[in-house]
Amino acid sequence: MLNYQLLDQVRATTPVIVTFANYVTPQIVANAVNVIGGSPIMSLEPAEAAALVSMATAVTLNLGTAQSAELDFVELVALGKAANELNLPVIIDPVAVSVPFRSQYVARLLKEIKVDVIRGNASEIAHFAGVAAESRGIDAVGEVDIEAVAIAAAKNTGMLIVLSGPTDIVTDGNKVYKIKNGHELLAANVGSGDMLSSILGTFLLKGQDRLEGLALATLSMAVAGQLAGQKNEGKPGTFSAALLDELYQLTPAKLEQFGDWEEIND
Ligand SMILES: Nc1ncnc2c1ncn2[C@@H]1O[C@H](COP(=O)(O)OP(=O)(O)O)[C@@H](O)[C@H]1O
Ligand SMILES: Cc1ncsc1CCOP(=O)(O)O
Ligand SMILES: [Mg+2]
C-alpha cells in the first residue's frame, strides 16, 4: 500500500534537500523541490557541506556535469560523508554513466561514500545491473526488461533503485512498485529526470519507510506529468510550466484518483 497522505506530511514539514546540481537544470530542479513542498538548496562549496547537510533530510548528487577538477569531487564526497554521518539518505543521479569517464567517476565516488538510492533511466540503471544497454548521451534507447534490470541493480549494489521511463520501477530487489502514469512530454523536457532525483529526497522524511517514500515521490512526478501533458498535448514549452503547476496543485486525492501503479512482492 502507498500512503498518499505522505504528500501532505511533506508539505507540513518543508524538508530541506541539498542538491549537487548539474549546470544544465538547477533552476527547474530547485522549483520542482519547492512546488512539491520541500526547500531546495544547491551548493558547490565543500567548506559549508556539513552545515547545509545538518539542516537537510536528504542529499541528491547529480553527476550530469561533474568535473574531475578536485573541487567537484571533494564537494561530492563532503556532502555524501556529512549525510552518512547523520544517517540521511544519499541519492545519486548517474547521468550517462556508461560513458567510460563517468563510469570511473561513479565507481570512485562509491568507494568514498555510502549511497542509498540510484535514480536513472533504463540505460543508466542497466549499467549497475551489469546488463549491456544502448544509450544516446543522457537518454535511454532500446529495450530492456526494466523490472529484471532494476532488481539486478538493487541486488548488485545493495541500494534502492528508481528506474524511470514510460513505466517507472522502484525496488529494493525484493519488493517492486511499478508506476504506469506519465506522459511522453516528460521525456521531451530536459531535466525531468533531474527533477525526479531531487523530488525523491523530499519524500524521505525521518522515520519514513524509504522504499514507500521513493514510490510515492515517483508516482507524484508521473501523475503531475500526465496531468500537465494531457492539458498541453504537443506543446513541450507550455508543458514545462504546466508541470510545475501540476506539482504545486497535486493532492493526495489526485494521487488516489489518477495513480496507476502496482506493488509486486517477490
Ligand atoms: N515516454 C514516457 N512516457 C511517460 N513518462 C515518461 C516517459 N519518459 C520519461 N517519463 C517520465 O519522465 C521522468 C524522467 O524520467 P526519464 O526521462 O527516464 O529520466 P532522464 O531524464 O534522466 O532520462 C519520470 O517521471 C518518468 O516517469
Ligand atoms: C543535457 C545534460 N547534459 C549533462 S546533464 C544534462 C541534463 C540531463 O537531464 P535529464 O537526465 O534530467 O533529462
Ligand atoms: Mg537523466
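Helices and strands are taken here as DSSP runs, numbered from the N terminus. Under this scheme, Arg119 is placed in strand 5 of what is a predicted model. Arg119 has 30 other C-beta atoms within 10 Å and is therefore buried. Beyond its neighbours within four places in sequence, Arg119 is in contact with Ile91, Asp93, Val162, Ser164, Leu196, Ser197 and Leu200.

One of these partners, Ser164, belongs to strand 8. Ser164 counts as buried because 27 C-beta neighbours lie inside 10 Å. When residues up to four places away in sequence are set aside, Ser164 touches Arg119, Asn121, Gly193 and Leu196. An unreviewed UniProt entry places the feature "binding site" at Arg119 and Ser164. These positions span 46 residues in sequence, yet no two of their C-alpha atoms are more than 7.4 Å apart, so they gather at one spot.

Ser164 also figures in the surroundings of ligand 1. The shell around this ligand comprises 19 residues, the closest being Asn121, Ser164, Gly182, Leu186 and Gly193. Two or more shell residues come from each of strand 7 (139–140), helix 8 (184–188), helix 9 (192–202) and helix 10 (210–231). In terms of residue class, eight members of the shell around ligand 1 are nonpolar, eight are polar and three are charged.

Ligand 2 is surrounded by Asn22, Val24, Thr25, Gly64, Thr65, Val95, Ile138, Val190, Gly191, Ser192, Gly193 and Asp194. The shell around ligand 2 is made up of four nonpolar residues, seven polar residues and one charged residue. Gly193 is listed in this shell, and Gly193 is also among the closest residues to ligand 1.

Gly191, a member of the shell around ligand 2, is located in the loop between helix 8 and helix 9. With 22 other C-beta atoms within 10 Å, Gly191 is buried. Leaving out residues up to four places away in sequence, Gly191 touches Val24, Thr25, Ile28 and Val29. Of these contacts, Val24 and Thr25 are themselves listed around ligand 2.

The unreviewed UniProt entry also assigns the feature "binding site" to Met42 and Gly191. Met42 lies in strand 2 (residues 39–42). Its count of 18 C-beta neighbours inside 10 Å makes Met42 partly exposed, whereas Gly191 is buried. Met42 touches Thr19, Ala21, Pro26 and Ala30, with residues up to four places away in sequence not counted.

The interior of the model was examined next. Nonpolar side chains tend to be buried together in soluble globular proteins. The largest nonpolar core in the model has 89 residues, and those with the most contacts inside it are Leu79, Ile125 and Val149. Helix 10 makes the greatest contribution to this core, giving twelve residues. For Leu79, the contacts are Val18, Phe20, Ala49, Val53, Val59 and Leu61, not counting residues up to four places away in sequence.

Helix 10 also contains Leu227. Leu227 is buried, because 21 C-beta neighbours lie inside 10 Å and the threshold for burial is 20 or more. Between Leu227 and Gly64, the separation is 163 residues in sequence and 27 Å in space, C-alpha to C-alpha. Gly64 is one of the residues around ligand 2.

Val149, one of the residues with the most contacts inside the core, is also among the buried residues of helix 7, which are Ile146, Val149, Ala150, Ile151, Ala152, Ala153 and Ala154. These buried residues pack against strand 5 (117–121), helix 6 (122–129), strand 8 (160–164), strand 9 (168–171) and strand 10 (175–179). Helix 7 (residues 146–157) has twelve residues, which at 1.5 Å a residue should span 16 Å; the end C-alpha atoms are 16 Å apart, in agreement with that expectation. Just after helix 7, Gly158 adopts a positive phi of about 75 degrees.

An exposed position is provided by Lys111, which is found in helix 5 (residues 100–112). Lys111 counts as exposed because it has 8 C-beta neighbours inside 10 Å, the limit for this class being 12 or fewer. Lys111 and Pro252 are 141 residues apart in sequence, and their C-alpha atoms are 39 Å apart in space.

Technical notes. Residues are numbered from 1 along each chain as its sequence is written. Chains are lettered from A and ligands numbered from 1 in the order in which they are written. This is a predicted model: local features need pLDDT of at least 70, side-chain atom pairs count only at pLDDT 80 or more; totals for chains, interfaces and linings use all residues. A residue is near a molecule or strand if its C-beta atom, placed from the backbone, lies within 6 Å of it. Helices (H or I, at least four residues) and strands (E, at least two) are DSSP runs, numbered from the N terminus. Ala, Val, Leu, Ile, Met, Phe, Trp, Tyr, Cys and Pro count as nonpolar, Asp, Glu, Lys and Arg as charged, and the others, Gly among them, as polar. UniProt positions are given in the numbering used here, feature names are shortened, and annotations may be inferred rather than shown by experiment. Two residues are in contact if their C-beta atoms, placed from the backbone, lie within 7 Å. The expected span of a helix is 1.5 Å times one less than its number of residues. A nonpolar core is a set of buried Ala, Val, Leu, Ile, Met, Phe, Trp, Tyr and Cys residues joined through C-beta atoms within 7 Å.
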